[in-house]
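Visitor: I'd like to walk through a protein model with you. Could you show it to me?

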Amino acid sequence: MYQCSVCGAQSIKWVGKCSECHNFNTMAEVSEQTSSEKKAKCGYEKAPAVIAVSAASAPLQESHERIATGIKEFDLAVGSGVVDAQSILIGGEPGIGKSTLMLQISSRLSQEGLKILYISTEESISQLLSRAKRLKTVSPNMFLLAINEIGEILYIINNNDYDFIVIDSIQRVTSPESDKAYGSPNSLRQISHEIITACLEKGCGVFLVGHVTKEGLFAGPKTLEHIVDTVLYFDSNKSDSYRVLRCYKNRFGSTNEIGIFEMTENGLSGVKNPSGYFINQRQEGSTGSVISACLEGSRSLLVEVQALIVHSYMPVPKRVCLGIDSGRVSIIAAVLEKKEGIKLSSKEIYIKIAGGLSIQEPSIDLPLALAIISSYNEKPLPSNFIAFGEIGLTGEIRGVNNPSSRVREAKNLGFTDVILPDVNMKEVQIIKNVNFHPVSKLKKIIEYLT
Ligand SMILES: Nc1ncnc2c1ncn2[C@@H]1O[C@H](COP(=O)(O)OP(=O)(O)OP(=O)(O)O)[C@@H](O)[C@H]1O
Ligand SMILES: [Mg+2]
């Protein structure tokens, strides 16, 4: 067996480059444990302290009680509040607002009567205090601490009765055992595991703040996701004025819920009307612009799809997509070329979801096709129209889930006409004062461009 001297990663055969920390020439042979040693370490003879119970006869445990933080967008993202002893990982790129959000949450939870400890491993106590004062997140039940040694952190957890502990950030927690491997995936995994286990034994919840690498992964290749109950991640870019907090994993609620915040000088504040926020700068009557209603978790959001089609002088025309999968755009372009005869192979295609949102939902296909045709033909879609629907490879328009919530959101924002898949009509026809334009084939959508 070979072990990396930097991060401790193991490999059966010798390799020149460590697969975990990517350092060269760090693998050294280590002696394997004998089977009797292994047996002693695993403790095969030791009986566990608990016994298995029958699911049918065991008494029902009390269901988890939700504690709402009062920060509406955060509560929505985690599913109407946090649960006792929940472990939550919050990730995001540097400077996006993780510490700000954590201070705000800690303060709100302490106002609910919970005892909160905010451990900063990155900032000094005076920096932390000045930030807390600026954000007006000072509360008698909230305690601040600036330490970063794992032993000290575990001591504090074991010898106090906090309801929630915040570790900001987990990557800066150091362990004497993994001095060399500071910040490596292995040491991060081990440190997080120890903290979460100590918190679980104490019945205290924990928020772990994690940085994201340039590639968009939690540094320490997403290893923490498996050991926490909930994973939240700031989806948006730091350069955008809003911040989207998306839930990727939740043991106590649904995933894919999002919270939308705006960074203000008083901290992060929830955006009251997200749909209005994302489409308010739309230029009416412009070609290549189509509004769609997308489903983000349990709520609908109106977004603007923009397309720009220009003639290409290059042998391979450019395709640039922002906020949408380029594979999806290529498929729609290919379907439009094959089924509708729109010659896109000699054109450059630029697609953007205005406002910087990122959409992965299939219902974006129909508005995407409309935006492409609109720019290609230089014909705008009337400004009171929205569209949603999936497009199949044969040019058929397929139904999407929850069409009525999408139509209601559009109606609330003053849209009067909806282009939607034929099969979704049954569900939405009870909604009054909206003109529906059901389509089942791609061909029909061209009629709506004026
Ligand atoms: N005095 C201030 N007034 C207004 N906004 C501020 C002020 N100080 C910081 N900010 C905002 O807060 C953001 C930093 O937030 P925060 O420190 O919570 O981010 P973070 O994700 O914790 O960063 P890091 O990864 O570096 O710890 C800045 O980008 C800025 O927009
Ligand atoms: Mg921070």
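Here are some questions and answers about this predicted model.

Visitor: Is Ser 363 buried or exposed?
Guide: Happy to start there! Ser 363 sits in the loop between β18 (347–353) and α9 (365–377). Buried means a relative accessible area under 20%, and Ser 363 has 0%, so Ser 363 is buried.

Visitor: Which side chains make polar contacts with the side chain of Ser 363?
Guide: Among the residues that Ser 363 touches, not counting those up to four places away in sequence, are Cys 294, Phe 388 and Arg 406. With Arg 406, the side chains are joined by a polar contact of 2.9 Å. A polar contact of 2.8 Å also links the side chain of Ser 363 to that of Glu 361. The partners to note are therefore Arg 406 and Glu 361.

Visitor: Moving on to α9, how many of its residues are buried?
Guide: Helix α9 has 13 residues and reaches 18 Å from its first C-alpha to its last, close to the 18 Å expected at 1.5 Å a residue. Its buried residues include Asp 365, Pro 367 and Ile 372. The helix is largely enclosed by the rest of the structure because the buried count is 11 of 13.

Visitor: Which residue follows α9 with a positive phi?
Guide: Look just past the end of the helix, where phi is near 55°. The residue there is Glu 378.

Visitor: Which element gives the largest share of the largest nonpolar core?
Guide: That core has 46 residues, and Leu 336, Ile 351, Leu 357, Ile 372 and Ile 419 touch the most other members. The largest share, 7 residues, comes from α9.

Visitor: And which domains each supply at least three residues to this core?
Guide: The domain bounds come from an automatic or database assignment. By those bounds, the core draws at least three residues from each of domain 2 (66–272) and domain 3 (276–448).

Visitor: How many residues are in the other core, which lies apart from it?
Guide: Good one to compare! Its members include Ile 88, Ile 105, Tyr 118 and Leu 135. This other core has 31 residues.

Visitor: Finally, how many residues of α3 are buried?
Guide: Helix α3 (residues 98–111) has 14 residues and spans 20 Å between its first and last C-alpha, close to the 20 Å expected at 1.5 Å a residue. Among its buried residues are Lys 98, Gln 104, Ile 105 and Leu 109. The helix is largely enclosed by the rest of the structure, because the buried count is 12 of 14.

Key. Residues are numbered from 1 along each chain as its sequence is written. Chains are lettered from A and ligands numbered from 1 in the order in which they are written. This is a predicted model: local features need pLDDT of at least 70, side-chain atom pairs count only at pLDDT 80 or more; totals for chains, interfaces and linings use all residues. Side-chain values use heavy atoms; hydrogens and water are left out. Helices (H or I, at least four residues) and strands (E, at least two) are DSSP runs, numbered from the N terminus. Buried means under 20% relative accessible area, exposed over 50%, partly exposed in between (1.4 Å probe, protein chains only). A polar contact is a pair of N or O atoms within 3.5 Å; within protein, one must be able to donate a hydrogen and the other to accept it, and residues adjacent in sequence count only if both atoms are side-chain atoms. Contact means heavy atoms within 4.5 Å. The expected span of a helix is 1.5 Å times one less than its number of residues. A nonpolar core is a set of buried Ala, Val, Leu, Ile, Met, Phe, Trp, Tyr and Cys residues joined through side-chain atoms within 4.5 Å.
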